[in-house]
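Subject: Structure handover

Hello,

Here is the structure I promised to pass on to you. Please have it open while you read, and my notes follow below.

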Amino acid sequence: MAKALEKMSNYVLEYSDHDFQIRSCPRYLKEVYDLGADLQYYIGDMYLQLAELSQVKIKATYQKMAVHQLEMRQRIERLNEAHLNEILTHFYNNGGKVVEAPLASEAAKELQPFFNRMMDTFLKRLESALVLAAEGSISPEQLGSMIDNDITEMYRNLGKLFQVEPIVRGFEAMIRIRENLR
């Protein structure tokens, strides 16, 4: 089991350093949905990595959990596509007027450190939970529950941080998707 933990620990550090970078503070609803979709992909990939390290019975559970993350990602992407269609309609109906960002650049700069801290805290908690799962200290179901609770809490906190109606709605929509697919 120590070998599995070693592999998992290296993977998490490598993956988080190269593939999931904390992005800039979202200023548009599209960026909120992009963040959510990327997180679903990241978590699903982690489940697949755990599946590779696991025995047959647990492997199937992690694979199902990864598929579940993909389903959530697809729903978020559909929301994003619907929103982009709304923006295009607004653009054409208003003579090509560019849609302003709901969150001003200056406000985003002020919120960036808080956003970074919330994302960093979530990613560290995620990595800790993944190591516990790789060790066998927690079951796949416990891991899934921990991640669901952590990401829902992060989305709620981000909504409180931004206090900009379209962005808050985006985080609330992603929470509803998670709750509806549990």
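Before the pocket, a word on residue classes: Ala, Val, Leu, Ile, Met, Phe, Trp, Tyr, Cys and Pro are taken as nonpolar, Asp, Glu, Lys and Arg as charged, and the others, Gly among them, as polar. By that division, the lining of the second largest pocket has 7 nonpolar, 2 polar and 4 charged residues.

Please keep in mind that this is a predicted model. The mean pLDDT of the protein is 87, and 90% of the residues score at least 70. Among its elements, H5 has the highest mean pLDDT, 96, while helix H1 (residues 2–18) has the lowest, 43. Over residues 1–5 the pLDDT is below 50, and this stretch has 8 contacts in the model beyond near neighbours in sequence. Residues 9–18 also stay under 50, and the model gives them 16 contacts beyond four places in sequence.

Back to the second largest pocket: its volume is about 190 Å³. The lining is made up of 13 residues, and those nearest the centre are His83, Ile87, Val99, Glu100 and Pro102. Which helices supply at least two residues each to this lining? They are helix H2 (29–53), helix H3 (56–93) and helix H6 (165–180). H3 gives the largest share, with 5 residues.

Two other helices are worth a look on your screen. Helix H4 (residues 105–135) has 31 residues, and from first C-alpha to last it reaches 43 Å, close to the 45 Å expected at 1.5 Å a residue. There is a bend of about 45° in H4 at Leu111, with a proline, Pro113, following within four residues. Just after H4 comes Gly136, with a positive phi of about 90°.

How far apart are the end C-alpha atoms of helix H5 (residues 140–162)? They are 33 Å apart, which agrees with the expected span, because 23 residues at 1.5 Å a residue should cover 33 Å. Gln163, just after H5, takes a positive phi of about 50°.

Happy viewing, and best wishes

Definitions and conventions:
Residues are numbered from 1 along each chain as its sequence is written. This is a predicted model: local features need pLDDT of at least 70, side-chain atom pairs count only at pLDDT 80 or more; totals for chains, interfaces and linings use all residues. Side-chain values use heavy atoms; hydrogens and water are left out. On a 1 Å grid over the protein atoms alone, a cavity is a set of points where a 1.4 Å probe fits but cannot get out, and a pocket is an open set with protein on both sides within 12 Å along at least five of seven lines; lining residues have an atom within 4 Å of a point. Grid points are joined across faces, edges and corners, and a volume is the space filled by probe spheres set on the points. The expected span of a helix is 1.5 Å times one less than its number of residues. pLDDT is the predictor's confidence in each residue, from 0 to 100. Contact means heavy atoms within 4.5 Å. The bend at a residue is the angle between axes fitted to the seven residues ending there and the seven starting there.
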